[in-house]
Amino acid sequence: MHKVFAVILTYNRKGLLKRCLDAVYAQSRPCDCVIIIDNASNDGTEKMLSEGDYPGLIVSVLKDNIGASGGYNAGLRLAYQKGADFIWAMDDDVIPEKDALHYLMKADEELKKKEKKAAFLISKALTETGFATNTPAVSTLKNRIGYQDWPDILELGMVAVQRSTFVSILLPRATLTQYGLPITAMFIWGEDTEFTLRVTQKTPGYLVGLSKVNHLRQEDGPISILTESNPGRLKLYRYFIRNKLFISRKYYRFTFSRYGMISEFFRATRLFCTLVFKRKFNKAGIVLRGIIESIWFFPEPESADTPNEKMKTTMRLLEQHRQEKADINEESQGEISFRMGR
């Protein structure tokens, strides 16, 4: 039986994390291991996890917040190096329905029956009120007679996709072996787009209609610096601009699509001008900084077996497990043992 490891990224959202964890542990197809990447939270996340009843949980506490990119890099690396056959990755605000993992694994079986490979499998994401969110882009790969092949297995409730997010994504081990990890240097916003575009150049991913998750806090729609009012998030938009330009240069350089390099550059420039015209000089400066930084931003992915010592921060592992009743006496029943390490 395949070993499936869940990887959940969290930062200062212990309430949401608990809801996510409870849903993951309630899956009809249980995970063989659950890994939490705590991106240097300071809200009591570690204490909540240490006191919770989560058998087989591994908590990796990062010394520094290295962003979503670095967090997923660390989580996928850890799961891969611990021998996972599949890695089921998500943020802490993703609440999977009880059969979400079951349907992802069943989809993998159905694809193999048809002798098809999948770079990844992704769940259908919905907001709390039922609106589609984090919608992946349909695959543009073509069949041997030159037509786009995305409708090929619609009868199985699956659509071939390429650009996607890390909202309940199931990654086969072979994908990480061949293509490596998310790029830590991207820090936040776009690392999932870059990664999924990288791994679907020859083989598509698949959106699995029966596998469903709720992505909380998504009612405001796509992120936009024009409407952003949170100072903590506002300063991060330079990464959003830089990463979009990097992705367009890497994957759409010679295309005239809306994601093409020239289109993205003019879109960023127009945004800068709009903010100046509105006298939003602070926001305009953030956009300009992102544009300038993109000029020399050429990060490369790491392989999945890269040693942890190469990370930009250190991780402290907290492994939680329950002993079998046969191995413990009456007084110690129900106790949780913890092993700390580097």
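Helices and strands are here DSSP runs, helices of at least four residues and strands of at least two, numbered from the N terminus. The structure is a predicted model, and in it Asn42 occupies the loop that joins strand 2 (33-38) to helix 2 (45-51). Asn42 is exposed, with a relative accessible area of 63%. Although Asn42 and Tyr11 are 31 residues apart in sequence, their C-alpha atoms are 8.3 Å apart in space.

**Individual positions**

The table sets out the accessibility of several residues, including Asn42.

| Residue | Location | Relative accessible area | Class |
|---|---|---|---|
| Asn42 | loop between strand 2 (33-38) and helix 2 (45-51) | 63% | exposed |
| Gln162 | loop between strand 7 (158-161) and strand 8 (169-172) | 14% | buried |
| Leu21 | helix 1 (residues 14-25) | 0% | buried |
| Asn134 | loop between strand 6 (121-126) and strand 7 | 23% | partly exposed |
| Arg279 | loop between helix 9 and helix 10 | 62% | exposed |

Gln162 lies in a loop, yet it counts as buried because its relative accessibility of 14% falls under the 20% cut-off. Leaving aside residues up to four places away in sequence, Gln162 touches Phe120, Ala137, Val138, Ser139, Thr140, Thr196, Leu197, Thr200 and Tyr252.

Leu21, a residue of helix 1, has a relative accessible area of 0% and is buried. With the same exclusion of residues up to four places away in sequence, the contacts of Leu21 are Ile8, Val34, Ile36, Leu49, Tyr54 and Leu57. Gln148, by contrast, is 127 residues from Leu21 in sequence and 38 Å from it in space, C-alpha to C-alpha.

Two loop residues deserve a look at their backbone. Asn134 is not a glycine but has a positive phi of about 50 degrees, and Arg279, likewise not a glycine, has a positive phi of about 65 degrees.

**Nonpolar cores**

The largest nonpolar core has 51 residues, and those with the most contacts inside it are Ile35, Ile87, Phe120 and Ile225. Helix 3 (residues 67-81) supplies the largest share of this core, namely seven residues. A second core, separate from this one, has 42 residues, among them Leu17, Cys20, Leu101 and Val208. Ile87, when residues up to four places away in sequence are not counted, touches Phe5, Val7, Leu76, Ala79, Tyr80, Ile169, Leu170, Leu171 and Leu176.

**Helix 8 and its surroundings**

Helix 8 comprises the 15 residues 237-251, and because each residue should add 1.5 Å, a span of 21 Å is expected, which agrees with the 21 Å between its end C-alpha atoms. Helix 8 is mostly covered, with twelve of its 15 residues buried; among them are Tyr237, Tyr239, Asn243, Phe246, Ser248 and Tyr251. The buried residues of this helix pack against helix 6 (191-199), helix 7 (231-234), helix 9 (261-277) and helix 10 (281-294).

How do helix 8 and helix 10 pack, at what angle and with their axes how far apart? The angle is about 35 degrees, and the axes are 7 Å apart. The crossing of helix 8 past helix 10 is right-handed. On the side of helix 8, the contact is made by Tyr237, Arg238, Ile241, Arg242, Leu245 and Arg249, which meet Ile286, Val287, Arg289, Gly290, Ile291, Glu293 and Ser294 of helix 10. The residues of this contact divide into six nonpolar, two polar and five charged.

How values were computed: Residues are numbered from 1 along each chain as its sequence is written. This is a predicted model: local features need pLDDT of at least 70, side-chain atom pairs count only at pLDDT 80 or more; totals for chains, interfaces and linings use all residues. Side-chain values use heavy atoms; hydrogens and water are left out. The expected span of a helix is 1.5 Å times one less than its number of residues. Buried means under 20% relative accessible area, exposed over 50%, partly exposed in between (1.4 Å probe, protein chains only). Contact means heavy atoms within 4.5 Å. A nonpolar core is a set of buried Ala, Val, Leu, Ile, Met, Phe, Trp, Tyr and Cys residues joined through side-chain atoms within 4.5 Å. Axes are lines fitted to C-alpha atoms, for helices over the stretch in contact, and angles run from 0 to 180 degrees between N-to-C directions. A crossing is left-handed if the near helix is turned anticlockwise from the far one by less than a right angle, and right-handed if clockwise. Ala, Val, Leu, Ile, Met, Phe, Trp, Tyr, Cys and Pro count as nonpolar, Asp, Glu, Lys and Arg as charged, and the others, Gly among them, as polar.
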